[in-house]
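Me: I'd like to learn how to read a structure like this one, feature by feature. Can you give me the general idea each time and then the case at hand?

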Amino acid sequence: MDMTYIQGILMLAGINLIAVLGLCLLTGFTGLFSFGHAGFMAIGAYIGALMTVPPSTMPGSIGGLGLPFIFGILAGGAAAGIVSWFIGRITLNLKGDYFCIATLGFGEATRLILNNVQTFGGARGWPGVPQYSTVLTVFVVDVIAVLFLANLVKSRHGRNMIAVREEELAAQIAGVDVFRYKMIALIVSAVYAGVAGVLFGHYMTFIQPKMFSMTKSTELTIIVIFGGLGSISGSVLGALVLTALPELLRAFDIWRLVFYGAAVIVIMISRPKGLMGGMELSPAGIRKIRAERRARLALKEEAAREAASGGRS
Amino acid sequence: MNQLLQQLVNGLSIGSVYALMAVGYSLVYSIMNFSNFAHGGVIMLGAYFGFFGLTLLKLPFAAAFILASVGTAVLATLIERVAYKPLRDRKAPFLYFIISAMGASILLENVVIATIGPTFRTYPEIFAREPIALGSLAIGRLDLIMFFVSAFCLACLILFIDKTRIGKAIQASAYNMKACALMGVNTDLVVLIVFALGGFLAGIAGVFFGMKYTVYPQIGNITTKSFIAAVFGGLGSLPGAVIGSVLLGVIETLVAGYLSSQFRDLIAFVILIGVLIVRPTGIMGKTAEDKA
Amino acid sequence: MSVDILEIKGLTKRFGGLAAVNDVSFSVREGGISGLIGPNGAGKTTIFNLITGVYKVTSGEVAFAGKRIENLEPYKIADLGVTRTFQNIRLFKNLSVFDNVLTACHMSAKYTIPEAILRLPRFRREEKLLADKARGLLEIMGLADRMDVQANNLPYGLQRRLEIVRALALDPKLLLLDEPAAGMNPDETEQLMRLIMDIRDRFTLSVLVIEHHMDLVMGICEHIVVLNFGQKLAEGTPDEVSVDPKVMEAYLGSSGGTAC
Ligand SMILES: Nc1ncnc2c1ncn2[C@@H]1O[C@H](COP(=O)(O)OP(=O)(O)OP(=O)(O)O)[C@@H](O)[C@H]1O
Ligand SMILES: [Mg+2]
């Protein structure tokens with residue numbers, strides 16, 4: 001394996017990670033499940049490309065505005081965020097399964113619409129996206145994404161989202177505007193997915209609607225669950241492992257996706273809490289785990305003492 | 001006018017096949033409250049079972065048909081045992097079921113790609129291609145048979161659910177699984193029967209689908225549309241699934257006929273979102289306030 | 001002389017054909033402890049759900065501190081100062097005891113999302129206040145030594161108590177308790193009675209409590225409303241209610257046996 005190959009896998013993992021972190025907030029912390037986030041990635045990828053691709057010189061090639069990369073990233077993220085606001089308005093009131101079905105509908109509809117928009121190359125795709133994504137840019141965006149998310153989650157706003165996940169009704173009674181916090185989680189996750197889409201397009205240098213299919217959405221959700229719901233470090237690990245794994249299994253060629261499918265089932269039925277199971281690999285996270293363990297032991301001791309004294313009296 | 005009638009007929013025929021698939025989603029949803037995305041894979045394998053029954057085993061059509069539907073019924077129950085039963089035992093939230101279903105669907109699709117190959121295969125011609133003339137309408141023989149067989153199967157299913165003891169147990173479990181278990185209903189068996197029924201109909205639908213179009217590993221993705229039909233109708237409601245499917249079939253053919261066939265696939269998703277906005281639980285879905 | 005903090009007039013809720021609550025009117029006095037009793041299925045919990053906005057009312061009025069609140073969003077009602085506990089405990093199960101309370105304290109802070117993300121001074125200041133408040137409440141309510149326990153590992157009685165602490169974190173003016181003594185033994189019930197009275201005095205709030213334990217209801221309530229089949233059967237002081245023949249018949253059973 002040469003360096004460029006490993007670098008490629010790392011880039012892909014880093015890009016996936018951004019989208020996964022967004023879903024981590026939506027699914028892991030707020031308890032909403034989406035099977036349509038590839039749609040937001042697509043929006044990001046196409047709007048991003050529109051910003052950065054140089055204006056068309058030859059007939060037949062698809063031109064853009066030729067702006068610097070940062071505008072592509074900002075515009076891609078913003079566009080996905082705006083669309084998610086509309087989607088949220090109409091779908092966030094749906095219950096359980098129906099929200100996740102509506103997102104599936106959104107994702108597929110986005111892909112099919114792009115298939116039919118000839119200005120962006122339709123189903124054939126859009127070649128000639130500048131190769132702006134570098135290991136450095138991806139890494140920087142990753143770090144920012146993790147920091148923002150970690151800070152958001154450890155605030156009253158993040159706690160309100162967790163309350164929605166834990167017990168929606170109780171959250172409402174505790175004064176949490178459930179719709180608003182679901183909306184915030186959805187928008188943040190869409191912006192993250194949009195930015196991931198921009199970076200993805202500028203890494204592949206070619207974008208095509210079928211890159212953003214339901215399979216892609218599912219893959220993102222699977223990573224979040226694999227890492228452990230409600231754990232940012234789990235999402236990071238999950239994105240690394242599950243992006244690298246299929247690549248490393250390339251040797252097995254056609255059988256690798258069979259393994260992947262089987263692995264997904266095995267994970268669901270055997271390790272339901274995911275790699276990290278809601279724990280964080282950070283100083284505060286570890287302190288918390290230890291405090292909880294101590295508390296649990298104390299509780300057990302007390303129960304044992306009570307049972308013993310109850311037996312004597 | 002004539003053209004409209006023709007489209008309606010075509011739409012009904014494809015809608016009835018959607019219905020065969022949609023009831024499978026709905027049956028499972030009604031008792032387990034999750035969308036069984038592995039169902040598409042089961043339908044796909046039904047198409048392959050039928051295809052190989054006809055070509056490799058040189059079975060007569062009816063035998064191939066039965067092979068396919070029994071095969072998928074077994075497959076569906078097998079998936080239940082492997083991918084869902086452990087989750088049921090643990091009372092896992094619905095998300096785990098959905099992801100496990102996705103895993104099963106990825107697995108099935110890729111097992112087929114790895115063993116049979118990704119190529120498109122065409123069913124041998126069973127029914128003559130030239131349509132039957134009915135006044136000024138031309139009705140494809142396959143369409144006609146599809147419609148009648150599907151309608152017959154659906155009628156049988158509804159009778160089964162309404163009239164037999166097992167059917168009643170299914171209805172009761174759909175209403176309240178826990179209470180049923182307490183009353184001594186073998187809910188585990190009910191679940192298996194539901195998967196077998198859904199799988200059986202999926203096999204029939206798969207064969208028809210393969211005959212009308214072609215057979216290939218990603219057929220499962222197209223069957224997502226029947227899932228959407230089940231959602232229109234209101235997940236968990238059998239009549240809803242049938243109505244939703246017929247509506248979707250007709251609307252799709254009309255859109256393809258009058259607007260553009262490019263929008264054919266898109267329309268399903270657009271209607272999906274539209275329906276969910278107007279009636280958040282589908283046409284026939286329950287809309288009770290959650291009990292607090 | 002006394003002011004009513006909650007006034008309910010002609011309140012009705014229908015589920016399909018069933019009138020779970022039918023034309024019920026009563027009030028809760030400010031600073032008082034009132035009881036809502038009635039046989040199973042009488043519609044008590046439904047009334048709580050209507051007051052807190054969990055269900056939309058079919059008809060009738062709910063006024064809190066003079067302001068009409070029926071059909072407001074639950075979180076807005078909570079904002080105004082009405083909160084409750086649930087009959088079937090609804091804690092944030094996977095969170096620690098401390099985090100359950102800390103989450104509910106959120107309304108005492110005002111910092112915005114950007115301030116949180118950038119860790120600006122207001123965030124730090126207010127976050128510290130929230131933590132102090134949560135810790136203080138837990139100390140008052142005797143849960144301080146279990147702060148780090150995950151909520152669903154708590155013994156049952158303490159889970160009920162934690163739900164009350166979480167409700168108090170919102171600084172409510174009216175606290176609705178749905179069967180707080182369910183599943184408790186006489187000792188614990190006794191403790192709970194003292195706790196409820198203590199809370200009322202310490203936090204200066206009004207309490208409306210649903211309870212089947214008659215000792216508790218009769219012991220702490222100044223005013224009792226009796227429901228049966230969604231309708232108000234009687235209302236008055238514990239002494240008045242306990243000798244009302246209609247109540248004896250409907251609630252205590254026609255045999256006239258003692259309350260459970
Ligand atoms: N969401 C709902 N949908 C349909 N019916 C409901 C709903 N909520 C309550 N009911 C019905 O309303 C009636 C009153 O129920 P409620 O829960 O208010 O009784 P309760 O007085 O609290 O009884 P308990 O003492 O058993 O808690 C019952 O018949 C119940 O079945
Ligand atoms: Mg009740």
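Me: Let's start with the contact between chain A and chain C: how many residues does each chain put in?

Reply: Keep in mind that this is a predicted model. Chain A brings 32 residues to the contact, and chain C brings 39 residues. Within chain A, the three residues that supply the most area against chain C are Arg156(A), Arg159(A) and Ile173(A), with 22% of what chain A buries there.

Me: And what area is buried between chain A and chain C?

Reply: The general idea is that interface size is often quoted as the accessible area lost when the parts come together. Here, chain A and chain C bury about 3200 Å² between them. Carbon and sulfur atoms give 60% of that area.

Me: OK, on to chain A by itself. How many helices and strands are there in chain A?

Reply: Chain A has 12 helices and 2 strands. Going along the sequence, the pattern of chain A is α-α-α-α-β-α-α-α-α-β-α-α-α-α.

Me: What radius of gyration does chain A have, and what would a compact globule have?

Reply: The idea is to set the chain's value beside the one expected from its length. For 313 residues, a compact globule would come out near 20 Å, and chain A has 22 Å, so the two agree. I'd look at the box too: along the principal axes, the C-alpha atoms of chain A fill roughly 95 × 50 × 30 Å.

Me: What about the burial, the contacts and the surface of chain A?

Reply: Of its 313 residues, 58% count as buried. Take the contacts in chain A between residues at least 6 apart in sequence: 79% of them join residues at least 24 apart. As for surface, chain A exposes about 12900 Å², and carbon and sulfur atoms supply 68% of that.

Me: Can we zoom in on a single residue? Where is Leu245(A) found?

Reply: Leu245(A) sits in helix 10 (residues 232-248) of chain A. Its relative accessibility is 35%, so Leu245(A) counts as partly exposed. For sequence against space, try Leu245(A) with Arg256(A): they're 11 residues apart in sequence, and their C-alpha atoms are 9.1 Å apart.

Me: Let's do the same in chain C. Where is Glu73(C) found?

Reply: Glu73(C) is in the loop between strand 5 (67-68) and helix 2 (74-80) of chain C. Glu73(C) is partly exposed, as its relative accessible area is 41%. Glu73(C) and Lys56(C) are 17 residues apart along the chain, with 9.3 Å between their C-alpha atoms.

Me: Now the metal. Which residues coordinate the magnesium ion (ligand 2)?

Reply: In general, four tetrahedral donors would ideally give angles of 109.5 degrees, and six octahedral ones 90 or 180 degrees. Here the magnesium ion is coordinated by Thr45(C) through OG1 and Gln87(C) through OE1, at 1.9 to 2.1 Å. This pair links distant parts of the chain, 42 residues apart: Thr45(C) is in helix 1 (residues 44-51) of chain C, while Gln87(C) is in the loop between strand 6 (82-84) and helix 3 (97-104).

Me: Is Thr45(C) buried or exposed?

Reply: Thr45(C) has a relative accessible area of 17%, so it is buried. Gln87(C), at 32%, counts as partly exposed.

Me: Last one: how many disulfides does the structure hold?

Reply: A disulfide is a covalent bond between the sulfur atoms of two cysteines. Over all chains, the structure holds 0 disulfides. For Cys100(A), the nearest cysteine sulfur belongs to Cys24(A), 17 Å away. Cys100(A) is buried, at 2% relative accessible area, and Cys221(C) is buried as well, at 6%.

Conventions:
Residues numbered from 1 in each chain as written. Chains lettered and ligands numbered in written order. Predicted model: local features only at pLDDT ≥ 70, side-chain atom pairs only at ≥ 80, totals over all residues. Heavy atoms only, no water. Donors = N, O, S within 2.8 Å, 3.2 Å for Na, K, Ca; no water. Helix = DSSP H or I, 4+ residues; strand = E, 2+ residues; numbered from the N terminus. Buried < 20%, exposed > 50% of the residue type's maximum accessible area, 1.4 Å probe, protein only. Disulfide = S-S within 2.5 Å. Rg over C-alpha atoms; globule rule 2.2 N^0.38 Å. Contact = heavy atoms within 4.5 Å. Areas by Shrake-Rupley, 256 points an atom, 1.4 Å probe, with all protein chains shown as cover. Buried area = accessible area lost by both parts, 1.4 Å probe.
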